[in-house]
Amino acid sequence: MQAFFFDQDGILYDSMPKHARAWAQVMQAHGYDFSEEDCFMNEGRTGKDVIREAIWELEHREATEDEIWDIYEEKGRAFVAQGEVGPIEGVIDVLRFLKKNKKDIWVVTGSAQASLLDNLNTKIGPFFDRTRMVTAFDVTHGKPDPEPYLKAWDKSKQPKKDCCVIENAPLGVRSAKAAGLHTIAVNTGPLADIALWNEGADQVFASMSDLLSWLKENI
């Protein structure tokens with residue numbers, strides 16, 4: 001394998017609990033029935049899609065671009081107000097191993113959170129290149145649609161058999177498998193492993209250290 005496509009939240013950053021609290025706080029303040037658990041179940045979608053679907057379910061109308069961005073920016077402020085986030089335990093060792101072995105490291109995320117996207121190299125480490133990122137700004141259809149991973153694969157210029165996705169979210173796994181890519185899930189959140197297996201994950205690991213052991217044996 002040559003190209004490794006990493007999801008961001010819950011894989012690189014230990015950020016999902018803060019995202020969940022921010023989403024629940026802001027959505028409920030706007031009258032939408034959206035819990036922290038809903039955030040984990042929707043993880044991987046772009047923020048625009050989450051807001052658009054919530055408004056449709058409650059009000060049976062299309063959301064305007066202005067209100068989508070108003071709510072998303074409010075959510076972003078609620079996230080930042082909770083303080084700094086650090087890396088997922090063990091992920092830096094995984095990234096160092098891949099870099100040492102001259103593997104291509106990509107980020108494929110539904111996020112548009114500038115406080116995270118713009119600081120990957122300072123908060124996680126010097127592993128990332130903006131030309132090897134696919135974010136919410138780069139796609140028309142976010143996860144679980146395969147477009148994000150198909151776009152990353154196309155940009156990588158690697159055969160699919162030489163590409164590997166690292167995900168933690170059921171919808172992210174669905175996106176990657178629909179793109180025809182080998183997909184490893186690292187279950188860093190509160191969902192049961194079965195939620196990842198059911199979406200077609202090729203492996204499910206409990207930690208980054210387990211992933212690192214597999215990588216050392218297989219690449």
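User: Before we look at clusters of rings, when do two aromatic rings count as a pair?

Analyst: Rings of Phe, Tyr and Trp pair if their centres lie within 6.5 Å, using the six-membered ring for Trp. Planes under 30 degrees apart are called stacked, those over 60 edge-to-face, and the rest tilted. Keep in mind that this is a predicted model. Here, ring pairs join W23, F34, W69 and Y72 into a cluster.

User: How many aromatic pairs turn up in the whole structure?

Analyst: A search of the whole structure gives 6. Take W23 and Y72: their ring centres are 6.1 Å apart and the planes sit at 55°, so this pair is tilted. W23 belongs to helix α1 and Y72 to helix α4 (residues 65-80), so the pair ties together parts that are 49 residues apart in sequence.

User: Are W23 and Y72 buried or exposed?

Analyst: The cut-off for buried is under 20% relative accessible area. W23 comes in at 7%, so W23 is buried. Y72 has 9%, so Y72 is buried too. Another tilted pair is F205 with W214, at 6.4 Å centre to centre and 50° between the planes. F205 and W214 are both buried.

User: What lies over the face of W153?

Analyst: That's a charge over a ring, so look for a Lys or Arg side-chain end above the ring plane. In this model K160 lies over the face of W153, 4.7 Å from the ring centre.

User: Now helices. Why do residues three or four places apart point the same way?

Analyst: An α-helix has 3.6 residues a turn, so residues at that spacing end up pointing the same way. Now try helix α5 (residues 91-100), where V91, V94, L95, F97 and L98 are buried. Looking down the axis of α5, these buried residues fall within an arc of 160°, so they line one face of the helix.

User: What covers that buried side, and which exposed residues sit on the face turned away?

Analyst: The cover over the buried residues of α5 includes β1, β2 and α11 (208-218). The face turned away carries exposed R96 and K100. Just after α5, K102 has a positive phi of about 60°.

User: You mentioned β1. Which strands does β1 pair with?

Analyst: For pairing, look for bridges between strands, and at least two of them. β1 pairs in the parallel sense with β2 (residues 104-108) over 4 bridges, and also in the parallel sense with β4 (residues 163-167) over 4 bridges. F5 is a handy residue to follow: its bridge partner in β2 is W106, and in β4 F5 stands opposite V165.

User: And which residues of β1 are buried on each side?

Analyst: Both faces of β1 are covered. A3 and F5 are buried on one side, while F4 and F6 are buried on the other.

User: Last one: where is Y13, and what does Y13 touch?

Analyst: Y13 is in the loop between β1 (3-6) and α1 (16-29). With a relative accessible area of 0%, Y13 is buried. Leaving out residues up to four places away in sequence, Y13 touches Q8, V85, G86, P87, I88, L116, N119, L120, K123 and I124. With L116 there's a polar link to check on screen: a polar atom of the Y13 side chain lies 2.8 Å from the backbone oxygen of L116.

Definitions and conventions: Residues are numbered from 1 along each chain as its sequence is written. This is a predicted model: local features need pLDDT of at least 70, side-chain atom pairs count only at pLDDT 80 or more; totals for chains, interfaces and linings use all residues. Side-chain values use heavy atoms; hydrogens and water are left out. Helices (H or I, at least four residues) and strands (E, at least two) are DSSP runs, numbered from the N terminus. Buried means under 20% relative accessible area, exposed over 50%, partly exposed in between (1.4 Å probe, protein chains only). Contact means heavy atoms within 4.5 Å. A polar contact is a pair of N or O atoms within 3.5 Å; within protein, one must be able to donate a hydrogen and the other to accept it, and residues adjacent in sequence count only if both atoms are side-chain atoms. Two strands pair if DSSP finds at least two bridges between them. A charge sits over a ring if NZ of Lys or CZ of Arg is within 6 Å of the ring centre and within 35 degrees of the ring normal. The arc is that of the directions from the helix axis to the C-beta atoms.
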